Amino acid sequence: MRELSLHILDALQNSLEAGANRVELEIEEDPLADRLHITIRDNGRGMSAEQLARAFDPFYTTRKTRHVGLGLPLFKAAAQRCNGDVTLTSQEGRGTTLEATFQYSHIDRAPLGDMARTLLAFLLAGRSDLAYRHRRGGREFAFDTAEIRTALGGLPFSHPEVRRWLEEFIAEGEASLEEPMR
Amino acid sequence: MDLKTIVRELALEVRAAAGNLERPVTGGYASDLLSCVMAKAQAGNLWVTLQGHPNIVAVASLLNLAGLVVTEGVTPDPATLSRAEEEGIPILTTPLTTYTVVGRLFALGIPGVER
């Protein structure tokens with residue numbers, strides 16, 4: 001994929017399909033250590049040992065409509081191409097954690113991409129809450145939609161004004177990571 | 001034009017599914033980004049890439065491609081070859097670069113895919 005955010009969105013969708021109602025997403029860009037870490041932790045139904053063993057096999061999928069599933073295999077291949085890896089740990093009934101690492105400066109590492117659009121797509125696609133934390137160098141942008149939901153008093157994220165606010169809130173937060181250090 | 005003719009004209013080495021070379025090739029596509037291939041390549045196309053990972057077989061199988069040319073002397077993983085054999089996806093290898101392979105395919109009259 002041309003942007004890592006597409007792999008992230010794909011993995012977030014797996015969490016929704018696993019019935020998660022709370023997902024933690026952490027992105028840590030560490031140019032000094034030359035690493036990029038992405039962690040996605042969900043409280044979905046988890047995977048059996050057998051499912052876990054085959055999760056990166058492109059010819060294994062829980063999908064019924066076709067016999068190949070490429071989401072995780074492509075994510076792993078992208079990370080391995082950049083001196084990193086994608087690993088999964090899971091407990092049935094408890095949830096699944098995905099950890100991806102990349103060499104930050106690797107020439108084949110795709111850019112992170114549009115995280116604001118990715119997060120919005122996730123929030124509008126399901127009813128799961130999202131705890132998000134994005135660090136770049138010494139800067140950090142974080143939020144928890146459980147808190148935002150409480151503040152909204154029952155208004156759904158799909159409400160046009162809420163949606164617009166969310167879009168701006170996330171876009172501004174992400175942009176704040178880009179600002180040059182003063 | 002079928003794969004057998006292309007194999008002969010470009011002196012490609014057949015590494016998997018040697019029994020499936022009769023299929024007509026409807027066109028060609030070249031990329032090493034599998035997500036782009038999934039979006040653009042069409043059934044019956046010959047895909048030119050330098051990736052050797054088993055994921056290429058999954059993509060080719062999903063799209064019902066005619067086969068793959070793996071370029072630049074890359075040796076496909078053993079898992080790639082055994083999967084391709086099972087799925088009946090011909091894997092053809094060559095020391096030539098992707099650019100040269102595509103040029104020769106055009107010279108043989110294999111069109112690109114534009115949509």
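Me: Which residue takes a positive phi in the hairpin of β3(A) and β4(A)?
Reply: A:G93, with a phi near 80°. That hairpin has three residues between its strands. Keep in mind that this is a predicted model.

Me: How many bridges join β3(A) to β4(A), and do they run parallel or antiparallel?
Reply: Seven bridges, and the strands run antiparallel. β3(A) covers residues 85-91, and β4(A) covers residues 95-103. In this pairing, A:T87 stands opposite A:E99 of β4(A).

Me: What stands opposite A:E99 in β2(A)?
Reply: A:T39. β2(A) pairs with β4(A) in the antiparallel sense, over seven bridges.

Me: And which residue is the bridge partner of A:T39 in β1(A)?
Reply: A:E26. β1(A) and β2(A) are antiparallel and pair over eight bridges. They form a hairpin with four residues between the strands. In its turn, A:D34 has a positive phi of about 60°.

Me: Which strand runs parallel to β1(A)?
Reply: β5(A), residues 129-136, joined to β1(A) by eight bridges. There, A:E26 has A:R133 as its bridge partner. A:E26 therefore has a partner in β2(A), namely A:T39, and another in β5(A).Me: New topic. Where is A:N83, and what is its phi?
Reply: A:N83 is in the loop between α3 and β3 of chain A. Its phi is near 55°, a positive value in a residue other than glycine.

Me: Is A:N83 buried or partly exposed?
Reply: Partly exposed, because A:N83 has 16 C-beta neighbours inside 10 Å; a buried residue needs 20 or more.

Me: What about A:Q80, where does that lie?
Reply: A:Q80 is in helix α3 of chain A, residues 71-81. With 14 C-beta neighbours inside 10 Å, A:Q80 also counts as partly exposed. Its C-alpha atom is separated by 40 Å from that of A:T150, and the two residues are 70 residues apart along the chain.

Me: Over to chain B. How many helices and strands?
Reply: Five helices and five strands. From the N terminus on, their order is α-β-β-α-β-α-β-α-β-α.

Me: What radius of gyration does chain B have, and what would a compact globule have?
Reply: Chain B has 12 Å, and a compact globule with 115 residues would be near 13 Å, so the two agree. The C-alpha atoms fill a box of roughly 35 × 30 × 25 Å along the principal axes. As for burial, 40% of the residues of chain B count as buried.

Me: What share of its contacts comes from residues 24 or more positions apart?
Reply: 53%, out of the contacts in chain B with a separation of 6 or more.

Me: How many residues does each chain bring to the contact between A and B?
Reply: Chain B brings 11 residues and chain A brings 10. On the chain B side, α3(B) gives the most, with five residues. That side divides into six nonpolar, four polar and one charged.

Me: Is α3(B) mostly covered or mostly open?
Reply: Mostly covered, with seven of its nine residues buried. Among them are B:I56, B:V57 and B:A60. The cover includes α3 of chain A, along with α2, β3, β4 and α4 of chain B. After the helix comes B:N64, with a positive phi near 55°.

Me: Which residues have the most contacts inside the largest nonpolar core?
Reply: A:F75, B:W47, B:A60, B:L68, B:V69, B:I89 and B:I91, in a core of 64 residues. In soluble globular proteins, nonpolar side chains tend to be buried together.

Me: What does B:I89 touch?
Reply: Leaving out residues up to four places away in sequence, its contacts include B:A17, B:V57, B:A60 and B:L68.

Me: Is B:A17 buried or exposed?
Reply: Buried, because 21 other C-beta atoms lie within 10 Å. B:A17 is in the loop between β1 and β2 of chain B, and its phi is positive, near 55°.

Me: Last one: what are the confidence values?
Reply: Chain B averages a pLDDT of 95, and 100% of its residues score at least 70. For the complex, the predictor gives an ipTM of 0.72 and a pTM of 0.85.

Notes: Residues are numbered from 1 along each chain as its sequence is written. Chains are lettered from A and ligands numbered from 1 in the order in which they are written. Two strands pair if DSSP finds at least two bridges between them. Helices (H or I, at least four residues) and strands (E, at least two) are DSSP runs, numbered from the N terminus. The radius of gyration is taken over C-alpha atoms; the globule rule is 2.2 Å times the number of residues to the power 0.38. A residue is buried if 20 or more other C-beta atoms lie within 10 Å of its own, exposed if 12 or fewer, and partly exposed in between; C-beta atoms are placed from the backbone. Two residues are in contact if their C-beta atoms, placed from the backbone, lie within 7 Å. Ala, Val, Leu, Ile, Met, Phe, Trp, Tyr, Cys and Pro count as nonpolar, Asp, Glu, Lys and Arg as charged, and the others, Gly among them, as polar. A nonpolar core is a set of buried Ala, Val, Leu, Ile, Met, Phe, Trp, Tyr and Cys residues joined through C-beta atoms within 7 Å. pLDDT is the predictor's confidence in each residue, from 0 to 100.
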